[in-house]
Amino acid sequence: MTVPGRRSSTFTRLLRSGFTDPSAAAQLLEADALAPVRADPVLLDALGATADPDLALRGLVRLAEAQPAEEGPALLDTLLSSKPLRDRLLGVLGASEALADHLARHPRDWHALVTYEAADLHPGLAEFEQCLAEAHDPVALRVAYRRCLLSIAARDVCGTIDVAQTAAELADLATATLRAALRIASAAAPEDAARCRLAVIAMGKCGGNELNYVSDVDVIFVAEAANGGNGTAKGTSNGNGNGTSTGSASGDEHKALQAATRLASHLMRICSETTVEGSIWPVDANLRPEGRNGPLVRTLSSHLAYYQRWAKTWEFQALLKARAVAGDAELGAQYIEAISPLVWQAAERENFVADVQQMRRRVVDNIPASQVDRELKLGPGGLRDVEFAVQLLQLVHGRSDATLRSGTTLDALHALAAGGYVGRADAAQLNDAYRFLRAMEHRIQLHRLRRTHLVPEDEADLRRLGRSLGLRTEPVVELNKAWRRHATVVRRLHEKLFYRPLLDAVAQLAPGETRLSPRAAGQRLEALGYADPAAALRHLEALASGVTRKAAIQRTLLPVMLGWFADSADPDAGLLGFRKVSDALGKTPWYLRLLRDEGAAAENLARVLSAGRLAPDLLMRAPEAVALLGDPEGLQPRTHEALEQEVLAAVGRADSAEAAVTAARGVRRRELFRTAAADIIASYGTEDSPAETDQGALVDRVGRAVSDLTAATIAGALRAAVRDQWGDTLPTRFAVIGVGRFGGHELGYGSDADVLFVHEPREGVDEQAAAKAAQTVIAEMRRLLQLPTADPPLLIDADLRPEGRSGPLVRTLASYAAYYRRWSLTWESQALLRAAPVAGDLDLGRRFIDLIDPLRYPSDGLGDDAIREIRRLKARMESERLPRGADPTLHTKLGRGGLSDVEWTVQLLQMRHASAVPALRTTRTREALAAAQAAGLIPAEEAQVLDEAWVLATRVRNAVMLVRGRAGDTFPSEARELSAVGRYLGYAEGTVGEMLDDYRRTTRRARAVVDDLFYAG
């Protein structure tokens, strides 16, 4: 036979196809068994697509040579004609030497890779049980098991199933195998099987439905006498958990346990012993009570007695994955039901968190030093880090949240993210890393079907491993890079989640860190940015001194909270605020639970207290609102309907108008705090949730929430004012119309409520009496909403009404119609662009809108005279209304490129084109701007410039109110307040100059667009 030279075309093609030994491959292709296919290019391409083409070719030759003479052509014909089979068979041969050996011994088993129906692609437990049903002895069971394993591996290497599905199928196959092994053991000892009820409980990865290719299958056995009850009253513990029985059932139970022990032992031998067909996997029962020193089989009552009195922390962690898989299904279900409450109470054990953390450290410490860097499972940044972190968080938080109680790591991680216990970004990174590391583990074990978690060192093994994971350009380099990257992510997030300072507080009361000396504490506070370390020390002393439950929790929280306070512009204010809240609520049980159990609540509270004056002022007036920070839904804005319903209900319960509006204003204060807190947290970000990057979404959320809240408060004041004097019915129909930012759902924290009042006398009511009633209602509403109380007042401004301040405060609908028909000026039509009903008679409000629509959306657009009038009015406002001494480049409302510039430009477009473009008929500035762009009235780039400027100016106004506690249209002059505004806007400490430059740049670009569209367009 001629061996091809290095320059031959065959040699070159084999080299390009991924063969590392082209000469040997060429010789193999000359084998008689491959004669019908050796020249077919499809075969070479398919071999080249495998993880190890050389290994795949050797396996194919062995399989072809092992075929019975009459079946050999069938294999090769099918191989070339069926791409799915070709991919699966060659994929397995190129990834697993052990499965190639199996196929060589059982050459007909390649038929297991031929798919005939959908169930073949995604078999479940029932299909695996069917495949093992005819195995009546251990050898036959091993062969059938490997045949099923072959089909799973084929789907895995071809990508038909992902790593999680592979692990779940392996767990299903293990479940089916345990059932088959118990069936064989029972058939060998029918008297034992008749004497007892035996349930097999899967633990570890099998219990969690995430098994490896080669892994110990951890189990626990529980048994009862065949004629017994549910097992909870059959015996009593003898003190060490062995559960000896008493009474007449004692003899039967003893014999039943002996029979069950023989069955369990036989089951373990069937799966674990090595035969000519190898072994399946070891069945490990060492997770049972007392480990290998305890009885192999116990009754349910004995199990419970042990766990209630003697079990260690790690045993409850292990039970998290317990799942009944074989034997008596009813008994298995009873076992799971009985131990489940114990598992989810484990976090209440003394030193629970510390015990779990210490156990993880011991695992790492026991890894031989020469293997640490290659240990995929147990080493730092390995699979165990993900699993331990997830399990600890599950056990801590799963007590009160049943959605976390999954034994499958990835499902539990998803639930932790959904519940807010782990940040979405962190969960996504952990998910990706865990999947990659598990895929590496699977491929390493699949090669020789050996139980190992060490990444190989041999270049050829690394090349095969990398190619099996889809890394084809430079498999070894790419594999090592990806592995190290994922391991680094896991190590970082494991440290963050597993050792986070709040976990002890979440799990139990703990004394916390060793207290610093006063001098060392002062130096630390000063280094963290506290301006008055002496005062901060006094606050710390007041918060953490003593032996009370409150002090213990706060000693645990304070070390990490000091860091959160320091990550703000005013750490001193944050610490002072925390002391005030704790002084007010420290004796309230739910407040202590909130701090102990909700890590997010503590961080949210720290962010809110140190971000400025408004939110803490609102909170201090009613500290119980801190509860909102611990509820996953607590920071979500409430709907207008829900707010109005609550306000009106509170008004209805009050005895007087003053009490009614006090209740309504209390709701307003709480909801303002909710909105402000959500805004601050979204703007700053937290440990588990990055800062919101969509600034427009933040502005819209605040505007909508504050506007809805203002409308609900006005509705409550209206109801109170009417009820106090007229009962249920006012002599005239009455509606409140929001205008300006109120009507546009764009209110900020410091905005007044701009409104118009309209009424319509009821049938039979004199018009003069109706008008007097309406004016009385308005006066009473204003009075009630401005009463001096602990709650912020709500100012109602009606100066945009016809004729301004000189005109009547309220008009009938007919009066409005007459005025607008005869006297309305262009600016009044412009003001009506953002008019919308907000309270009172809805039908009257709708008819008012029908009345004004022709004015604000003129059918013929605007004439030249009207356009010139609007431009003159805008220019006059710029020259006359800007406060003296104000920097026109930094004034958010009237300055260059500020709110007024953008809004007047958008409103001019609306008045000119809304009659022809229905989408422009909106009271909201950003919606109207987007509609103008969609209609081609403004280029997309210019629309974006205007939108960015409007959003930024609105954010600045909101920031000023949050930081200073009072409204303002310019940046603060005081350094710390200016820095706080910057932090709210996303600027790092020390970058105030950059913030101002960015603001000027953004508004300068907006002004250029305004000059083009508003003045020259």
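This tour goes from the whole chain to a helix pair, a set of paired strands, one buried threonine and two loop residues.

**Whole chain**

Start with everything displayed, and keep in mind that this is a predicted model. The protein chain contains 45 helices and ten strands. Its C-alpha trace spans about 105 × 85 × 70 Å along the principal axes. Of the 1017 residues, 55% are buried. The chain exposes about 42,200 Å², and carbon and sulfur atoms supply 49% of that area. Take the contacts between residues at least 6 apart in sequence: 74% of these join residues at least 24 apart.

**Helices α10 and α11**

Select residues 138-157, which form helix α10, together with residues 163-188, which form helix α11. The two helices pack at an angle of about 170°, and their axes lie 11 Å apart. Angles over 145 degrees count as roughly antiparallel, so α10 is roughly antiparallel to α11.

Now show the side chains where the two helices meet. On α10, select Pro138, Leu141, Tyr145, Cys148, Leu149, Ile152, Arg155 and Asp156. On α11, the residues to select are Thr166, Glu169, Leu170, Leu173, Thr177, Ala180, Ala181 and Ile184. Coloured by type, the residues of this contact divide into eleven nonpolar, two polar and three charged.

**Strand β2 and its partners**

Move on to residues 217-225, strand β2. How many of the residues of β2 are buried? Nine of its nine residues are, and the strand is mostly covered.

Add its partners in turn. Strand β1, residues 196-202, pairs with β2 in the antiparallel sense over seven bridges. To find one of the paired positions, select Cys196, whose bridge partner in β2 is Ala225.

Next add strand β3, residues 283-284. Here β2 and β3 run parallel and are joined by two bridges. Select Val217 and look across to β3, where Val283 stands opposite.

Then add strand β4, residues 297-298, which pairs with β2 over two bridges in the parallel sense. For this pairing, select Phe221; its bridge partner in β4 is Val297.

**Thr1003**

Go to helix α45, residues 992-1015, and select Thr1003 within it. Is Thr1003 buried or exposed? Its relative accessible area is 0%, so Thr1003 is buried. To see what surrounds this residue, leave out residues up to four places away in sequence. Thr1003 then touches Thr889, Arg896 and Gly897.

**Two backbone positions in loops**

The last stops concern the backbone angle phi. Most residues other than glycine have a negative phi.

Return to the strands and select Glu290, in the loop between β3 and β4. Glu290 is not a glycine, yet its phi is positive, about 65°. Its relative accessible area is 30%, which means that Glu290 is partly exposed.

Finish at Glu803, in the loop between β8 (796-797) and β9 (810-812). What is the phi of Glu803? The value is positive, about 70°, although Glu803 is not a glycine. With a relative accessible area of 42%, Glu803 is partly exposed.

Definitions and conventions. Residues numbered from 1 in each chain as written. Predicted model: local features only at pLDDT ≥ 70, side-chain atom pairs only at ≥ 80, totals over all residues. Heavy atoms only, no water. Axes fitted to C-alpha atoms, helices over the stretch in contact; angles between N-to-C directions. Helix = DSSP H or I, 4+ residues; strand = E, 2+ residues; numbered from the N terminus. Parallel < 35°, antiparallel > 145°, perpendicular 65-115°, else oblique. Contact = heavy atoms within 4.5 Å. Nonpolar A, V, L, I, M, F, W, Y, C, P; charged D, E, K, R; others polar. Buried < 20%, exposed > 50% of the residue type's maximum accessible area, 1.4 Å probe, protein only. Pairing = 2+ DSSP bridges. Areas by Shrake-Rupley, 256 points an atom, 1.4 Å probe, with all protein chains shown as cover.
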